[in-house]
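Subject: Handing over the structure, with notes on what was found

Dear colleague,

I am passing on the structure below, and I would be glad if you read the notes that follow with the model open beside them.

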Amino acid sequence: MWIVKLGGSLFDSAHLCDWLRALTRQGPLVIVPGGGPFADQVRLAQQQWKFDDSSAHIMALLAMEQYGRMLCALQPGLVAAAHPEEIDAVLAEGGRPVWMPTAMVLAAPEIQHSWDVTSDSLAAWLGGRLGAEKLLLVKSKRLEGDALPVSNLMESHFVDARFGEILRPLPLEAWTMAQGDHARFGEFYRGRTQAATRILE
């Protein structure tokens, strides 16, 4: 089982549909959508109206679901799934689940309701819940190097502030690829790790 977090920054990328096609050719895997412009609107609304972080957190989860629904509409074979049982059912039928996070996350008291926990951390958390082997973060930005410490990535805001805290206790390998790397995903999935950058705990 793999978890692939597809960054919201790919919303207006020419490579978005290429990634969706690449992901449907490999499996089993679960796609975690970012928030993209839907989450950006939540940030703008909170700045204007000064409502609490817990409300913004719930709205941001729904923003992930909006982006996820869009991904499902763009690519045949992608199916929305909210719970582990639904994820298993989609995989059993040969589909690729796109996680709808709201129900599971709101039922998990250990997840902080703040902007420190974004889709990056939630993807790692889901990987732990599902017993996944690998987590791949697909971002618009390319990292230089074969491996980088997670602390460096948090300091540079490449991942969110809680990512390392959630990732470290998990038996989960974390990697990242850039938006233009879709043609290399197949070889990475089959074990050619030079195609991606390892995130070191």
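At 47% relative accessibility, E165 counts as partly exposed, and this residue forms a salt bridge with R162 in which the closest N and O atoms are 2.9 Å apart. Please keep in mind throughout that this is a predicted model. The partner, R162, has a relative accessibility of 26% and therefore counts as partly exposed, since that class lies between 20% and 50%.

Salt bridges

In all, the structure holds 8 salt bridges. As a general point, side chains of opposite charge can pair when their charged atoms come close. In another of these pairs, the side chains of E187 and R192 meet with 2.6 Å from N to O; E187 is partly exposed at 26% relative accessibility, and R192 is likewise classed as partly exposed, at 40%.

D18 and R21 also form a salt bridge, with their closest N and O atoms 2.6 Å apart. These two residues are separated by about one helical turn, because they stand 3 residues apart in helix 1. With a relative accessibility of 22%, D18 counts as partly exposed, and R21, at 35%, is placed in the partly exposed class too. Beyond these pairs, K5, D120 and K139 are linked in a network of salt bridges.

The largest pocket

Two members of that network, K5 and D120, reappear in the description of the largest pocket, whose volume is about 610 Å³. The pocket is lined by 31 residues, of which K5, R43, T118, S119 and D120 are the closest to its centre. Helix 2 (36-49), helix 3 (53-74) and helix 6 (119-130) are the elements that give two or more residues to the lining, and the largest share, 5 residues, comes from helix 2. Sorted by class, the lining of this pocket comprises 12 nonpolar, 12 polar and 7 charged residues.

The largest nonpolar core

Turning to the interior, the largest nonpolar core has 37 residues, and among these I3, W99, L135 and F163 touch the most other members. Elements that give two or more residues to this core include strand 2 (29-33), helix 4 (84-92), helix 5 (102-106), strand 5 (134-139), helix 7 (150-155) and helix 8 (163-167), together with helix 3 and helix 6. The largest share of the core comes from helix 6, which gives 6 residues.

Individual residues and chain separations

Where along the chain does M177 lie? M177 belongs to strand 7, which covers residues 173-178, and this methionine is buried, because its relative accessible area of 2% is under 20%. The C-alpha atom of M177 is separated by 5.0 Å from that of V138, although the two residues are 39 residues apart along the chain.

Q47, by contrast in location, lies in helix 2 and is exposed, with a relative accessible area of 52%. Between Q47 and R192 there are 44 Å from C-alpha to C-alpha, and the two residues are 145 residues apart in sequence.

S13 is found in the loop between strand 1 (2-6) and helix 1 (16-24). Is S13 buried or exposed? At 14% relative accessibility, S13 counts as buried, because the value is under 20%. A polar atom of the S13 side chain lies 3.0 Å from the backbone nitrogen of H15.

Backbone geometry

Three places in the backbone may be worth a look when you go through the torsions. The peptide bond that joins G27 and P28 is cis, with omega at about 5°, and P28 is found in the loop between helix 1 and strand 2. K50 has a positive phi of about 60° although it is not a glycine; K50 lies in the loop between helix 2 and helix 3, and with a relative accessible area of 66% this lysine is exposed. H157, also a residue other than glycine, has a positive phi near 65°. The loop between helix 7 and helix 8 holds H157, which is exposed at a relative accessible area of 69%.

With kind regards

Notes:
Residues are numbered from 1 along each chain as its sequence is written. This is a predicted model: local features need pLDDT of at least 70, side-chain atom pairs count only at pLDDT 80 or more; totals for chains, interfaces and linings use all residues. Side-chain values use heavy atoms; hydrogens and water are left out. On a 1 Å grid over the protein atoms alone, a cavity is a set of points where a 1.4 Å probe fits but cannot get out, and a pocket is an open set with protein on both sides within 12 Å along at least five of seven lines; lining residues have an atom within 4 Å of a point. Grid points are joined across faces, edges and corners, and a volume is the space filled by probe spheres set on the points. Helices (H or I, at least four residues) and strands (E, at least two) are DSSP runs, numbered from the N terminus. Ala, Val, Leu, Ile, Met, Phe, Trp, Tyr, Cys and Pro count as nonpolar, Asp, Glu, Lys and Arg as charged, and the others, Gly among them, as polar. Buried means under 20% relative accessible area, exposed over 50%, partly exposed in between (1.4 Å probe, protein chains only). A polar contact is a pair of N or O atoms within 3.5 Å; within protein, one must be able to donate a hydrogen and the other to accept it, and residues adjacent in sequence count only if both atoms are side-chain atoms. A salt bridge is a side-chain nitrogen of Lys or Arg within 4 Å of a carboxyl oxygen of Asp or Glu. A nonpolar core is a set of buried Ala, Val, Leu, Ile, Met, Phe, Trp, Tyr and Cys residues joined through side-chain atoms within 4.5 Å.
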